[in-house]
Every structure is written in structure tokens, then in C-alpha cells.
Amino acid sequence: MDKLNQTILRSLLQRPLVVEVQDSIDSTNSELKRRYGAGETGDRLLVAETQTGGRGRLGRSFYSPAGSGLYFSLGLTGITDFADAVLLTTVASTAVVEAIERLTPHRPAIKWVNDILENGRKLGGILTEAVTAPDGTLSAVIIGIGLNVTPSAFPPELADIAGWLDLSPVTREQLTAAIVDRIYGHIETLPQRGYLPSYRAHSLALGKTVRVLTDPPFTATAVAIDDNGGLVIEHNATRQTLSTGEISIRIE
Ligand code: BTN
């Protein structure tokens, strides 16, 4: 796989973003958090060939070997409302599946809230984090995206669940630019939730029996995705909405 090229990536993007490609970093999300925490401003895109401490939701690690994935974080400084920030995980998931569909023959789906799957295997995921200023306002929102793009030797715990995306002849720069452009496009229609019909159409959970992995876990039916990206479930004849926070589900 060709090394990521910063100049090409910048030229493919429709917005004038600060773009940076690094060979190796602990986590592109952590690095942008540090940068914004130290007072950097403006939207930026940070891509790494490998991450030594890639992170996923719920404190999990994200396996990020060199030469077999796409790992990047988009730092956005124009989102000032926390209610909008929580929508960005579903916005980004939608952008990822749409960009993949536009550029490749793959037809991925979204497992609420942030997993990208195809044929039951996880191709990647999204981790959105906020950076707050000392006065409590939002300084930046960081959208981290990781996708497996070659069949690397996954560690045993991932061997049965991880999948990968055959990109060729599409480059990682093209896919990154397509995802980033779509994220910005969906943010423009955020008040009308322009992206939600597509998110719902790509949802694996809707209409299915799901196992809600709380303590203790329970089984429910996923009946809707509400306007805030929450998963509405029905359990013992009562409805409840799982917010996009700290809950995972398994589709039965
Ligand atoms: C998940 O599967 O729960 C989310 C995985 C998110 C991984 C991406 S890779 C780029 C960015 N940097 C990180 O440390 N995590 C995200």
C-alpha cells in the first residue's frame, strides 16, 4: 500500500483544512485533544499510518497496525452546542458508509451507534470526543475514524469479528476526502437532520431483537432511531430511548 500523501490529500478536500499526516502516533484523537487543549484553533485533519494506542468507545483499544488501515481524526471548531456535538457520531457513521458506497462496491451498514459492519464483520468504527475550555464551553469536537483496509493478521480476539475493505483502485486519500466532505455536508443540514434518513436506512438494528449490554443485560426490540440519534427500544411493553452515550448493543 502506498504511503499516505499529505499534499494529495489536501488537494482532494473541498475545504481549506489544516492537513497533517504522521507515520506513527499514540492516537490521532489524543493528539488533537492535546493540541486543542493547548490552545490551537481551527479545523484540522490528522492522519496516521499507525497508532500505538488507538482507542475505541467504552475504553476499548483499537488495533491500528501500519500498512493495513486508515486512521484519522477530524477536529471541528465550529460546533458550539453540546446537543449538536452528540449528533456527530451518527453523522460520521453515515458519512463513512455513504463514502464507501460511492467509491467501492462494498455495501456496509451501521450497528448503532458507531460500528461499521459488512456481512457481520466489523470494518471499523468512530470515536467522537469533545474538548471543553476551562469555562465549560466547547473548544472542539474530534471525530476519530478507523477502518481496516487490508486483511492484516488480526490478533486472535479479533479474528472472527473483524473484516476489511478492499479499496483498490481507490486510494486512502480519496476515501478520507470523501468522508470528510460528507461530514461537512451533513453538518450544514444538521438542524433539519438531513443525514438521519440515510443513517436509519443503513441501520442494522432497526426492527431487530437486540441484546442491550447493560448490567444486567436484557433483550428488547429496536423500534426507531429518534431525532437525536437515540435508539428507541421496546421491552416488556414499555419504550425506552438509549442515548448515544455509554451503552452497547448486540444484534440477536
Ligand atoms: C470503536 O470501534 O469503538 C471506535 C474506533 C475508533 C478508532 C479511530 S482510529 C482514529 C482515531 N484515533 C483513535 O485513537 N481512535 C479513533
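**Entry 1: the ligand shell**

I started with the residues around the ligand and sorted them into 5 nonpolar, 11 polar and 3 charged. For that sorting, Ala, Val, Leu, Ile, Met, Phe, Trp, Tyr, Cys and Pro count as nonpolar, Asp, Glu, Lys and Arg as charged, and the others, Gly among them, as polar. A note to keep in mind is that this is a predicted model, where local features need pLDDT of at least 70, side-chain atom pairs count only at pLDDT 80 or more, and totals for chains, interfaces and linings use all residues. Numbering runs from 1 along each chain as its sequence is written, and side-chain values use heavy atoms, with hydrogens and water left out.

I found 19 residues surrounding the ligand (a heavy atom within 4 Å of it). Ser27, Gln51, Arg55, Arg57 and Lys122 are the closest. By element, β6 gives the most to this shell, with 4 residues.

**Entry 2: contacts and cover**

Next I looked up polar contacts (N or O atoms paired within 3.5 Å). A polar backbone atom of Arg55 lies 2.7 Å from a nitrogen atom of the ligand. Arg57 also uses a polar backbone atom, 2.7 Å from an oxygen atom of the ligand. With Thr28 it is an N or O atom of the side chain that lies 3.2 Å from a ligand nitrogen.

How much of the ligand's accessible area does the protein cover? I read 98% of the 410 Å² that the ligand has on its own, by the Shrake-Rupley method with a 1.4 Å probe.

Two or more residues of the shell come from each of α2 (28–37), β3 (69–76), β6 (121–132) and β7 (138–148). These labels are DSSP runs numbered from the N terminus, with helices (H or I) of at least four residues and strands (E) of at least two.

**Entry 3: salt bridges**

I counted 17 salt bridges in the structure, each a side-chain nitrogen of Lys or Arg within 4 Å of a carboxyl oxygen of Asp or Glu. One of them pairs Lys3 with Asp23, their closest N and O atoms being 2.8 Å apart. This pair links distant parts of the chain, 20 residues apart: Lys3 is in the segment before α1 (6–12) and Asp23 in strand β1 (residues 18–25).

**Entry 4: backbone oddities**

Most residues other than glycine have a negative phi, and most peptide bonds are trans, so I checked for exceptions.

- Trp112 and Val113 are joined by a cis peptide bond with omega about 10°; Val113 is in the loop between β4 (109–111) and β5 (115–118).
- Asp215 to Pro216 is also cis, omega being near 0°, and Pro216 lies in the loop between β8 (209–212) and β9 (218–225).
- Leu58 has a positive phi, near 55°, in the loop between β2 (44–51) and β3.

Terms used:
Polar contact = N/O pair within 3.5 Å; in protein donor to acceptor, adjacent residues only side chain to side chain.
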